[in-house]
Amino acid sequence: MSNNGVAASPGSPSGHEALAKQGTLPLAIGAMGIVFGDIGTSPLYALKEVFVGHHPLMVDPLRVFGVLSLVFWTMMIVVTLKYVSIVMRADNRGEGGSMALYALISRQLGDDGRTRTMALLGVLATALFFGDCIITPAISVLSAVEGLTIVDQRLSTAVLPLAMALIIGLFLFQSRGTAKVGALFGPVMLVYFGTLAVLGLSQIIKNPEILEALNPVHAAYFVLDNPGLAFLALGSIVLAVTGAEALYADMGHFGARPIQAAWLLAVFPALMLNYLGQGALLLSDPAAAANPFYLMAPESLRLPLVILATLATVIASQSVISGAFSVAQQAIQLGFLPRMKIVHTSASTFGQIYIPAVNWTLMVLVALLVLGFRTSSNLAAAYGIAVTGTMIITTFMIAVPVLRIWKWNKWLAWPLISLLAIVDIAYFSSNIIKIPDGGWFPLLIGLITFTGLTTWSRGRALMQARLRDSSMPMEVFIKSAAAAATRVHGTAVFMTTSPVGVPQALLHNLKHNKILHDRIMILTVAIDEVPYVSDEDRIGVRELGNGFYRILVRYGFMQEIDIPAVLKKVENCGPKLKMMETSFFLSRQTLLASDKPGMALWREHLFSWMMRNAESAMDFFKLPTNRVVELGSQVEI
């Protein structure tokens, strides 16, 4: 029985056609609300952490110009060059993200050593992403609400309760979906980015010499003046590009061109104007380093700015949570996570899904994180290592398409990949120093997630291998046991993960009930390494004789599985299927941990626990509850 299946998405064939009809401008505005929420809220805390964080810098022209120069060129290299210009070319039929990139490489290059390495890297990037998903809502909302202390210091006691209320409310709201309020995300973020630009310009006009910071010479001066301090500062400077991975991960929702246009024409200019404005303020008032974002605004406008920034951080958090649902569904489809309950929160909007298990896990961990770290400055110590780890993995993975699939000129490709790798490794190395101060948290979450993903994938492979080893060839079964069995009216559908051999449920049914149905369908659900499979390519039927048919149903890793709906379209296997005359037989395996080679005993117990807690196959495949028969068996792995 296949373990795959999940929700529909805007990247489906019909979704891509709809995207093409909407035009670049509306999609670019929409992308501001979903794609750029994380990186867009970085100005709330990035420069503050550089100058007053765990490794504070003196606020003087050398360091202000040097830091801003590094921020600008980091955005140019990491975001504009790497993601916008290179990585977004690697779309897997419209979809992006680490899992989609792995599937693209696997499909193009086949199953070799490099592909297996890419699979591990993709899983590791996914694990680190979940660590990032926990920190982003916490640091974003806290940094926005902390603006209240700039408005009135007496409000400092309200920061933590208000942040907790917003975060818990956000997770409680998930089951209702965001289809109705989602349309407001883009316009709200457009206002937010416009405000960033205006605030920055208001300070740049007072100190226009800050524009000299765009010259990379200032970054060199800063680094050469005190290399050790500059290296430590990189751990905070990288906060300016957290969220860059979303440009690629959310490509299926909006398409590459609208995201690229939004970044180059609106988001990047607004962010840099704001950072330059904060720098201009620091040149004239070094004490403003305590919170340069809010102190750029006139005192009378700071409370409205807190409200707008809080809205922006809630939207950014919502985007990350939705991203976690999307990544979880891809992991389920590709066989790295067990089945989970997936709820569609909108009948008309693609990709609007809700996964309760993921939602409640995130809520508990985010709440614990806020209560444990208490301030955005403390959280900044935990932030960055998961992001930079993911960035390094993306650089290594994108090198494969650049060199082996697109076959770029090696004299161009190797220096380019080397530049990206040097920048990523420099930032990652700087963040390693944060591990004792909080960087251990996303690494711990990543390790736990990585262990779960790889254990499930390996356990499934071992279990299926054991079942194949013990299965009878279909031809032998049909000629011997099936030919002599009593046949009864109706159709039996036996679901199995293996496209060969006799399903365990079929053997047990014949053994215990001594009968076979007139028509028997051996059905396997296969998940292709593409986001979507068209209806024309969905179903394959092979007649085996004596009323037996083997059916292969293919889905993409972003599609929803509905077996009854597919069976209504099956042809070339007798009369049209009637659901009230059809029984579905499922195998339920009980795993027995053993000393057989394959996995460590503790991982076998973990895999067994994951199997027991997986969602019912009946619900996952949308089978009618009154037509399902489950037959158990024991398997040693």
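**Internal cavities of the model**

Helix H17 contributes 7 residues to the lining of the largest cavity, the largest share of that lining. The structure is a predicted model, and a search of the whole of it finds 3 cavities of 30 Å³ or more. Two of them are described here.

The largest cavity holds about 460 Å³ of space. Its lining is made up of 29 residues, and those nearest the centre are Phe129, Glu245, Ala246, Ala249 and Val327. Besides helix H17 (302-333), at least two lining residues each come from helix H6 (98-109), helix H7 (113-145), helix H13 (245-249) and helix H20 (385-405). By class, 13 residues of this lining are nonpolar, 12 are polar and 4 are charged.

The second largest cavity encloses about 90 Å³. Which residues line the second largest cavity? From the N-terminal part of the numbering come Glu49, Gly53, His54 and His55; further along are Leu232, Gly235 and Ser236, then Ala380 and Ala381, and lastly Lys434 and Asp437. Two helices, H12 (227-237) and H19 (376-382), each supply at least two residues of this lining. The largest share belongs to H12, with 3 residues. Sorted by class, the lining of the second largest cavity has 3 nonpolar, 5 polar and 3 charged residues.

Terms used
Residues numbered from 1 in each chain as written. Predicted model: local features only at pLDDT ≥ 70, side-chain atom pairs only at ≥ 80, totals over all residues. Heavy atoms only, no water. 1 Å grid on protein atoms, 1.4 Å probe; cavity = no way out; pocket = protein on both sides within 12 Å on 5 of 7 lines; lining within 4 Å. Points joined across faces, edges and corners; volume = space filled by probe spheres on them. Helix = DSSP H or I, 4+ residues; strand = E, 2+ residues; numbered from the N terminus. Nonpolar A, V, L, I, M, F, W, Y, C, P; charged D, E, K, R; others polar.
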